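These are my notebook entries on a structure that I had not looked at before. I went through it by topic and wrote down what I looked up.

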Amino acid sequence: QASHVALLLWIDGGLWVAEMLSSGYTLSPASERVPELAEHGQVYWGKAPQAVRWKVDRLTAAALGFRGYRYSWWTLVTVW
């Protein structure tokens, strides 16, 4: 069971972690964020479905487009 999912994306030649946190949407260098998560036992590797991997350009554009967005607590309420 997971509380949320982050994506690893190659952007401009670097590996980045895209995720929503309580502070809002973040895009962090993987070299910083992955060790931090691993230290707390919060890294589980998986593979994105083929439908997602085929559209990596669109996924990257969406990840870059979310910068500055706040976390939607209302979304959590509707899911619960």
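Is E19 buried or exposed? I looked this up at the start, keeping in mind that the model is a predicted one. E19 counts as buried, because its relative accessibility is 2% and the cut-off for buried is under 20%.

**Entry on the salt bridges.** I then looked for the partner of E19, and I found that its side chain meets that of R33 in a salt bridge, at 2.5 Å from N to O. E19 belongs to strand 2 and R33 to helix 1, so this pair ties together parts that lie 14 residues apart in sequence. R33 is buried as well, at a relative accessible area of 11%. I noted that the structure holds two salt bridges, and that R33 also forms one with E36, where the closest N and O atoms are 2.7 Å apart. E36 and R33 are three residues apart in helix 1 and therefore separated by about one helical turn. E36 is partly exposed, with a relative accessible area of 43%. I recorded E19, R33 and E36 as linked in a network of salt bridges.

**Entry on the overall layout.** Stepping back, I counted four helices and three strands in the protein chain, and along the sequence I read the pattern β-β-β-α-α-α-α. The protein chain has 80 residues, of which 18% count as buried, and its accessible surface comes to about 6500 Å², with 59% of that belonging to carbon and sulfur atoms. I also looked up the contacts in the chain with a separation of 6 or more, and residues 24 or more positions apart account for 40% of them.

**Entry on the sheet.** In what order do the three strands lie? They form an open sheet in the order 1-2-3, with antiparallel pairing. Strand 1 and strand 3 (24-29) are the edge strands, since each of them pairs on one side only, and from one strand to the next the twist averages 30°. For strand 1 and strand 2 (residues 14-21) I noted five bridges in the antiparallel sense, and for strand 2 and strand 3 I noted six bridges, also antiparallel. Among the residues facing each other, L7 stands opposite A18 in strand 2, while I11 has G14 of strand 2 as its bridge partner.

**Entry on the hairpin.** Between strand 1 and strand 2 the hairpin has two residues, and D12 lies in this loop. I looked up the phi of D12 and found a value near 50°, which is positive although the residue is not glycine. With 83% relative accessibility, D12 counts as exposed.

**Entry on the helices against the sheet.** Helix 1 (residues 30-39) packs on the sheet and touches strand 1, strand 2 and strand 3, and its direction makes about 55° with that of strand 2. Helix 3 (residues 56-65) lies across strand 1, strand 2 and strand 3, and runs at about 100° to strand 1. I picked T60 in helix 3 for a closer look, and at 15% relative accessibility T60 counts as buried. Which residues does T60 contact, once neighbours within four places in sequence are left aside? They are L9, W10 and I11.

**Entry on W10 and the nonpolar patch.** W10 sits in strand 1, which covers residues 7-11. It is exposed, with a relative accessible area of 61%. I found W10 together with L8, L15 and W45 in a nonpolar surface patch of about 490 Å².

**Entry on P29.** My last lookup was P29, which is placed in strand 3 and is the bridge partner of W16. Leaving aside neighbours within four places in sequence, P29 is in contact with L15 and W16. From C-alpha to C-alpha, P29 and L8 are 9.4 Å apart in space, with their positions 21 residues apart in sequence counted as their separation. P29 counts as partly exposed, at 24% relative accessibility.

Note on methods
Residues numbered from 1 in each chain as written. Predicted model: local features only at pLDDT ≥ 70, side-chain atom pairs only at ≥ 80, totals over all residues. Heavy atoms only, no water. Patch = residues over 30% accessible without salt bridge, like charges linked within 9 Å, V, L, I, M, F, W, Y side chains within 5 Å. Areas by Shrake-Rupley, 256 points an atom, 1.4 Å probe, with all protein chains shown as cover. Salt bridge = Lys/Arg side-chain N within 4 Å of Asp/Glu carboxyl O. Buried < 20%, exposed > 50% of the residue type's maximum accessible area, 1.4 Å probe, protein only. Pairing = 2+ DSSP bridges. Axes fitted to C-alpha atoms, helices over the stretch in contact; angles between N-to-C directions. Contact = heavy atoms within 4.5 Å.
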